[in-house]
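Student: Pick one part of this thing and give me a close look at it, please. I'd like to hear about the binding surroundings and whatever sits behind them, in one go.

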Amino acid sequence: MKDVVILGSTGSIGTQALDLVRANPDRFRVVGLTAGGSNPALFEAQVAEFAPRVHGLGEAASVEAAQAECDVVLNGITGAVGLRPTLAALDAGTTLALANKESLVMGGPLVLERAAPGQIVPVDSEHSALAQCLRSGSATEVRRLVLTASGGPFRGRTREQLAGVTPAEAMAHPTWDMGPVITINSATLVNKGLEVIEAHLLFDVPYEAIEVVVHPTSVVHSMVEFVDGSTIVQASPPTMMIPIALGLDWPDRVPQAAPPVDWTSPQTWQFDPLDDEAFPAVSLARAAGVAGATAPAVYNAANEVAVDAFRTGRLPFTGIVEVVASVLADHDVPSKMQLSLDDVLAADAWARQAATRTIADREN
Ligand SMILES: NC(=O)C1=CN([C@@H]2O[C@H](COP(=O)(O)OP(=O)(O)OC[C@H]3O[C@@H](n4cnc5c(N)ncnc54)[C@H](OP(=O)(O)O)[C@@H]3O)[C@@H](O)[C@H]2O)C=CC1
Ligand SMILES: CC(=O)[C@@H](O)[C@H](O)COP(=O)(O)O
Ligand SMILES: [Mn+2]
């Protein structure tokens, strides 16, 4: 029996994690729940159903819950506000099932240095796939990591054709049903940019050995190419139940976590190169990742502000990545690579102000 704390329990990841717990009462027990407070009725219902020892709303409550005695903390909070809870779980020595990629991307080495080997189990589907592909074998055998991207709802469009797309169109993800921020990030490909940095940090593979390919049906979740020319692929229909189950019970697999691919019916797997001109977010993330230090935190924070502006009609779709690029260009990356939490939070705050100014300037 694993005692689990779920941060962000009312969201897409959180509610699916609770479905998994409901389906496996002999395997998992909920001992902590937190959320942001935008859906109090759902949160109260969850607390009534699971009767966790600790529960509460907001960042401070999430930090406290992440420090509770348990076997695994699932961080399903969205955005940079997940950083302190991530650090709290790591400092408590608890296994961290990490969906909140933003905390790893912005914290970078700060997060990694607090983590014991194997303490972070990736829940992001691509990184769960990579971890599964890498389960046996040594890092020296790896030639490349290949992250798959659905391409989002605007796959195949030119930059000009992206200019007038609406938030409702951007929310229509072709393969995944997710929270609003990651859904918009999938449409801009910022999600894949964050995932390239996430893969570099989790698997210690250089940026030039991390590839992104477009795979519209999201059945292959990522792959590892080895030095002998062999590639191992992880495939399953697009559902987060498998990565969440692996996150909570790693290295064990939860039987019937989700239905497998039906190999008796015809399957076509399509892979296309990424169109960097229409979707510059991935190359921008690579540059931020290579620059290191505070650059990834700036990339993430500027994007969070720009996504909010797009969703509220203050910025066109293509403006999101333009704002991120402009804020990054204005950012002086410190030469010291060893950053404190204050350094990271200061860069995050600076980027939010810079992005807000840039958006306001564009409006005038
Ligand atoms: N959804 C998916 O399939 C995938 C998600 N991820 C990652 O997982 C994370 C969560 O995504 P997703 O579930 O889609 O997002 P959602 O928007 O659906 O859910 C976010 C959750 O975070 C909570 N939250 C927001 N602010 C705070 C806060 N200050 N303190 C505590 N909790 C807070 C929300 O609470 P409330 O709404 O009640 O205020 C909600 O429970 C993101 O980092 C995303 O990138 C990664 C891969 C796949
Ligand atoms: C399910 C998951 O892990 C998401 O991060 C997903 O990858 C988003 O789809 P995109 O490939 O469109 O970004
Ligand atoms: Mn993903």
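**Around the ligands, and the sheet behind**

Tutor: Start with ligand 1: the residues of its shell split into eleven nonpolar, 18 polar and four charged. Keep in mind that this is a predicted model. The shell counts 33 residues, and the ones that come nearest to ligand 1 are Gly 8, Gly 11, Gly 36, Ala 99 and Gly 179. Several elements chip in with at least two residues each: α1, β2, α3 (59-66), α5 (101-107) and α10. Helix α1 gives the most to this shell, namely three residues.

Two of those contributors, α1 and β2, lead us straight to the sheet. This is an open sheet of six strands, ordered β3-β2-β1-β4-β5-β6 and paired in parallel. At its edges sit β3 (54-57) and β6 (120-122), each of which pairs on one side only. Turn from one strand to its neighbour and, direction ignored, you get 20 degrees on average.

Now zoom in on β2. On one side, six bridges tie β1 (residues 2-7) to β2, the two running parallel; as an example, Val 5 has Gly 32 of β2 as its bridge partner. To get from β1 to β2 the chain goes through helix α1 (residues 12-23), in a right-handed β-α-β crossover. So what happens between β2 and β3? The chain passes through α2 there, and that β-α-β crossover is right-handed as well. Strand β2 (residues 28-35) is joined to β3 by four bridges, again in parallel. Among the pairs, Thr 34 is partnered with Gly 56. Helix α2 (residues 40-50) packs on the sheet, where it touches β2 and β3, and its direction makes about 155 degrees with that of β2. Another bridge pair to look up is Ala 35 with Leu 57 of β3. With all this around, is β2 mostly covered or mostly open? Mostly covered: seven of its eight residues are buried.

On to ligand 2. Its surroundings are Asp 124, Ser 125, Glu 126, Ala 149, Ser 150, Gly 152, Trp 176, Ile 182, Ser 186, Asn 191, Lys 192 and Met 240. By type, that shell comes to four nonpolar, five polar and three charged residues. Helices α7 (125-133), α10 (180-188) and α11 (190-203) each put in at least two residues. Helix α10 also turns up among the elements that supply at least two residues to the shell of ligand 1.

One last stop is Ser 218, in the loop between β8 (210-214) and β9 (220-226). Why does Ser 218 count as buried? Because 22 other C-beta atoms lie within 10 Å of its own, and the cut-off for buried is 20 or more. Setting aside neighbours within four places in sequence, Ser 218 is in contact with Ser 150, Thr 175, Trp 176 and Pro 238. Of these, Ser 150 and Trp 176 are also among the residues around ligand 2. As for Ala 235, which sits 17 residues away from Ser 218 along the chain, the C-alpha atoms of the two are 8.5 Å apart.

Methods: Residues are numbered from 1 along each chain as its sequence is written. Chains are lettered from A and ligands numbered from 1 in the order in which they are written. This is a predicted model: local features need pLDDT of at least 70, side-chain atom pairs count only at pLDDT 80 or more; totals for chains, interfaces and linings use all residues. A residue is near a molecule or strand if its C-beta atom, placed from the backbone, lies within 6 Å of it. Ala, Val, Leu, Ile, Met, Phe, Trp, Tyr, Cys and Pro count as nonpolar, Asp, Glu, Lys and Arg as charged, and the others, Gly among them, as polar. A residue is buried if 20 or more other C-beta atoms lie within 10 Å of its own, exposed if 12 or fewer, and partly exposed in between; C-beta atoms are placed from the backbone. Two residues are in contact if their C-beta atoms, placed from the backbone, lie within 7 Å. Two strands pair if DSSP finds at least two bridges between them. Axes are lines fitted to C-alpha atoms, for helices over the stretch in contact, and angles run from 0 to 180 degrees between N-to-C directions. A crossover is right-handed if, with the strands pointing away from the viewer, the path from the first strand over the helix to the second runs clockwise.
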